[in-house]
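Trainee: Please take one part of this model and go through it closely. Give the cut-offs as you use the terms.

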Amino acid sequence: MTFNQDELEAPAWLNDEFFCNVMRESNNDPTIELTSACVLRPGTNKGDHFASVMFRTTVKYRSKRANSEEKSINIIMKTKPEEDGLKKELLDDDGLFAIEIDMYSKTLPEMARMLKEIGEEYKYPRYFYGTLQPRAIIILEDVSDQGWVMGEVIGTLDEMRPVVKNLAMFHATSMMIESSDSTFAARYRHSMANKFIGLKGLISKGFGDLMQLTASYPEFAHFAKPLVKYQENLPTYFDSLFKPSKTYPNVLIHGDCHVKNLLHQIDAAGRIADTLLLDYQICCWTSPAIDLYYMLNLIPTQEVKDDHRLELIYVYYQQYSDLLKRLGFKGKIPSLLDLQLELLRYAGLELFHYAVFMSFRYMDIVVIDLEALLKGEIKNTVTENPVYRKLMHRELTRFLHQGNL
């Protein structure tokens, strides 16, 4: 098992005194004392995440209020990187941590409460503690010992259904909250555009690969000028992308719904039986099309997407509209056709996903330097892969013909 280099040694301030204070505050119990030292270990495997540094530990403690019976809890914590580099630059401010603390402490509990009232359950890790000062940190219950595991790209339609339902529940309940809380949308009305554009090396590498195809293979030549124009307009496009939609009801989007931000329960047959979402750090109030493109492009295999694209959108819409009705939503519920038109308007994001992220499917992320890749410093030989070339020619043709390129 290979770990991220910056998670091999925990900072000195993550010590027993710190965890004792966390347990006292989160349980509102000043009598809690630790019964053994907390041993920290890496939070994730190499390649599983990038926008934080994570550690796990088990806290064993006693409370005088509980007859001094020893208890234990497994926790996972998310902190900011302390070593210089791209990761530290992207997380230089505390904005992402502020969003996620707000999500776990306020919004997710309210969503879960609403859904429980209609017999549904929205699952997420229990929130223990979060602060921005003196250092940004979020501490959650580590649910890995409860059977939740991270997976790879999903290979069947049925195993995609829990993902789709989670998105539908998340979007529908956010509309319900906003309909009764005039401050809700404003709390999440911020743009993540600068974070995406901050990955200049990765973007340049992704589009550089496509430009290499246009120069090396005659069948790609006619994509060159449209690709150059699209890339030149990216900063303006991303700035507009995260603003509230004027053409479709806005929702609170997860904003980073990819395969490494999911945990699954696996049944006896080895199939996904349930799913929960992680990493609520770039949630914002905008069009659901953004989450739907992440769901379509970064979670299932290409075969599942090719065979079931329209069905996945249909299943999402049915869940979303049904939930709004059951929750008692008083506003106008858009039609499925409205949603399909919105997706067409936002299809430029799908082009971005193919250009920048699709090549990850054709490399072993464990054996490469992820930060060097994100900076565009290492060579990616994906353009030499005939399967990749065939896929990109087909998809670039589609984007050109539907007006997104």
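Mentor: Helices (H or I, at least four residues) and strands (E, at least two) are DSSP runs, numbered from the N terminus. This is a predicted model, in which local features need pLDDT of at least 70 and side-chain atom pairs count only at pLDDT 80 or more, while totals for chains, interfaces and linings use all residues. Residues are numbered from 1 along each chain as its sequence is written, and side-chain values use heavy atoms, with hydrogens and water left out.

The part to look at is strand E4, residues 71-79. Its setting is a chain with 15 helices and 11 strands. Of the chain's 405 residues, 53% are buried (under 20% relative accessible area, with exposed over 50% and partly exposed in between; 1.4 Å probe, protein chains only). In E4, 7 of the 9 residues are buried, so the strand is largely enclosed by the rest of the structure.

E4 has pairing partners (strands pair if DSSP finds at least two bridges between them). Strand E3, residues 53-62, runs antiparallel to E4 and is joined to it by 9 bridges. Within that pairing, lysine 78 of E4 stands opposite methionine 54. Strand E6, residues 137-141, is also antiparallel to E4, over 5 bridges. There, isoleucine 75 has glutamate 141 of E6 as its bridge partner. In a regular strand the side chains alternate between the two faces of the sheet.

Follow the chain back from E6 and you come to the loop between strand E5 (127-131) and E6, which holds proline 134. The peptide bond joining glutamine 133 to proline 134 is cis, with omega at about 0 degrees. Most residues other than glycine have a negative phi, and most peptide bonds are trans.

Two residues elsewhere have a positive phi without being glycine. Asparagine 28 has a phi of about 50 degrees and lies in the loop between helix H1 (16-27) and strand E1 (33-34). Aspartate 279 has a phi of about 60 degrees and lies in the loop between strands E10 (272-277) and E11 (284-286). Asparagine 28 is exposed, at 61% relative accessible area, whereas aspartate 279 is buried, at 14%.

For a helix to set beside E4, take H4, residues 157-180. Of its 24 residues 18 are buried, so H4 too is largely enclosed by the rest of the structure. Its end C-alpha atoms are 35 Å apart, which agrees with the expected 34 Å (1.5 Å times one less than its number of residues).
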